[in-house]
Each structure stands twice: as C-alpha cells, then as structure tokens.
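Got the structure open in your viewer? Here is a short walk through it, one selection at a time.

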Amino acid sequence: MKNYIVIITIALLTTACSYKDETITSKSGTMSVTQPAFWFEIDSLNDDADIRIGNPLLEAYFIIIREPQTDLPEGYTLEEYSQTTREYIKAGSTSYTELLDNSFTRINKLAAIKYTIDATVENVDIRYWHVSLKSKKGFYQLIAWSLPTKFESNQENFTLVIDSFRELK
C-alpha cells in the first residue's frame, strides 16, 4: 500500500511541476519570478500572496505579497514596511530571532532589505528569508522558508527566485 501512495504522489508532483526552471507571472500580471525545477504552485500557502510556490517534499516554500502604494500612508519608508511586516511573523511565533543584521541591497534595481529569521510557529521551527522591496508602485514582501535543517539545501533555489523578481505593470 505504501508503494502505491509513493507512486501516486510522485505522479501527481511530476505532472504539476516543470522539469526545468521557468518564469511564472502572478495572476494579476504585476510581477514575475523564476520558478525552480520541480517546484509548483501551492494555493494553500497564503491567501494574500500573489505568488505561492514551492515543493513540500523539499520543505521549500516561497510567497510574494504586494501592497499598493495607495494602501499605505504617504511617506511610508522601506524600513517601516520591513519592520511592520516582520512584526506579523513575530506575532504568530512562540519564539523569534532575527539571525543577521539587516542587509540593505537591490533586487533588479529596487531597494531591498533582507533579514534571516528563525521562528517557531505551531511547534514547528522555521527559518525564513524575509525580503522587503520598494518600487514607485508600492511594496513587496518576498518570503522564502524551510525547516532549519533543510534551509541550506534550499538556499540556491531561494536565491534564484528572489533574484529573479520583476515588477511588470
């Protein structure tokens, strides 16, 4: 019986995902990223996310949440946005540690702040990369996560997805 379940699971995963990296676009058409090989869309990750992809067998997950400029106070800064959105992770965690000093960078010409976060959510230890981006149109949260024991093996794919982010409209 176990063999049949494994075969069915593999068959479902191989029909739902690509064997190679591919560019995917959000349903709203406002952004795109490169989806790594053997990753696929996972609608159940976050209802507010515009892009929800990953591979549960690898314990690799990634979402993007977009906040239009018009939804935020005038003069809202990238630093404020990053702090506010990280507070949501903290509020839902029983333990929370920001592992590195915040890192200021650029992703495809957009200002970005990146944090590595360790948290425990519903008794599960999770490591996140939390990236906040600012454009003229608004703000974005790019969140990649995995179990701490699987994070290093997923870093290459997380980097691929984050670095490939493009704002389209």
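Two strands count as paired here if DSSP finds at least two bridges between them. Keep in mind as you click around that this is a predicted model.

**Stop 1: strand 5 and its partners.** Start by selecting residues 60–68, which make up strand 5. Now add strand 10, residues 138–146. The two pair in the antiparallel sense, over eight bridges. To see one of these bridges, pick Tyr61: its partner in strand 10 is Trp145.

Next, bring in strand 4, which also pairs with strand 5 in the antiparallel sense, this time over five bridges. Here you can look at Asn55, whose bridge partner in strand 5 is Ala60. Strands 4 and 5 form a hairpin with four residues between them, and in that turn Glu59 has a positive phi of about 55°.

**Stop 2: the cores.** Stay on strand 5 and select Ile64. What does Ile64 touch, leaving aside its neighbours within four places in sequence? Its contacts are Met31, Val33, Ala49, Asp50, Ile51, Tyr140, Gln141, Leu142 and Phe165.

Ile64 belongs to the largest nonpolar core, a group of 23 residues, and is one of those that touch the most other members, along with Val33, Ile53, Phe62, Leu133, Leu142 and Phe165. Several elements give two or more residues to this core, including strand 2, strand 8 and strand 9. Helix 3 provides the largest share, with four residues. Apart from this core lies another one, of 21 residues; to find it, try Ile65, Tyr76, Leu78 and Tyr81, which are among its members.

**Stop 3: the largest pocket.** Which residues lie nearest the centre of the largest pocket? Select Asn46, Ile65, Tyr88, Gln141 and Ile143, out of 20 lining residues. The pocket has a volume of about 480 Å³. Colour helix 2 (78–91) as well, since this helix gives the most to the lining, with five residues. By class, the lining has twelve nonpolar, six polar and two charged residues.

**Stop 4: two loops.** Finish with Lys109, in the loop between strand 7 and strand 8. Phi of Lys109 is near 75°, a positive value in a residue other than glycine. Is Lys109 buried or exposed? Exposed means over 50% relative accessible area, so at 77% Lys109 counts as exposed.

Then jump to Asn123, in the loop between strand 8 and strand 9. Phi is positive for Asn123 too, near 65°, and Asn123 counts as exposed because its relative accessibility is 77%.

Terms used
Residues are numbered from 1 along each chain as its sequence is written. This is a predicted model: local features need pLDDT of at least 70, side-chain atom pairs count only at pLDDT 80 or more; totals for chains, interfaces and linings use all residues. Side-chain values use heavy atoms; hydrogens and water are left out. On a 1 Å grid over the protein atoms alone, a cavity is a set of points where a 1.4 Å probe fits but cannot get out, and a pocket is an open set with protein on both sides within 12 Å along at least five of seven lines; lining residues have an atom within 4 Å of a point. Grid points are joined across faces, edges and corners, and a volume is the space filled by probe spheres set on the points. Ala, Val, Leu, Ile, Met, Phe, Trp, Tyr, Cys and Pro count as nonpolar, Asp, Glu, Lys and Arg as charged, and the others, Gly among them, as polar. A nonpolar core is a set of buried Ala, Val, Leu, Ile, Met, Phe, Trp, Tyr and Cys residues joined through side-chain atoms within 4.5 Å. Buried means under 20% relative accessible area, exposed over 50%, partly exposed in between (1.4 Å probe, protein chains only). Contact means heavy atoms within 4.5 Å.
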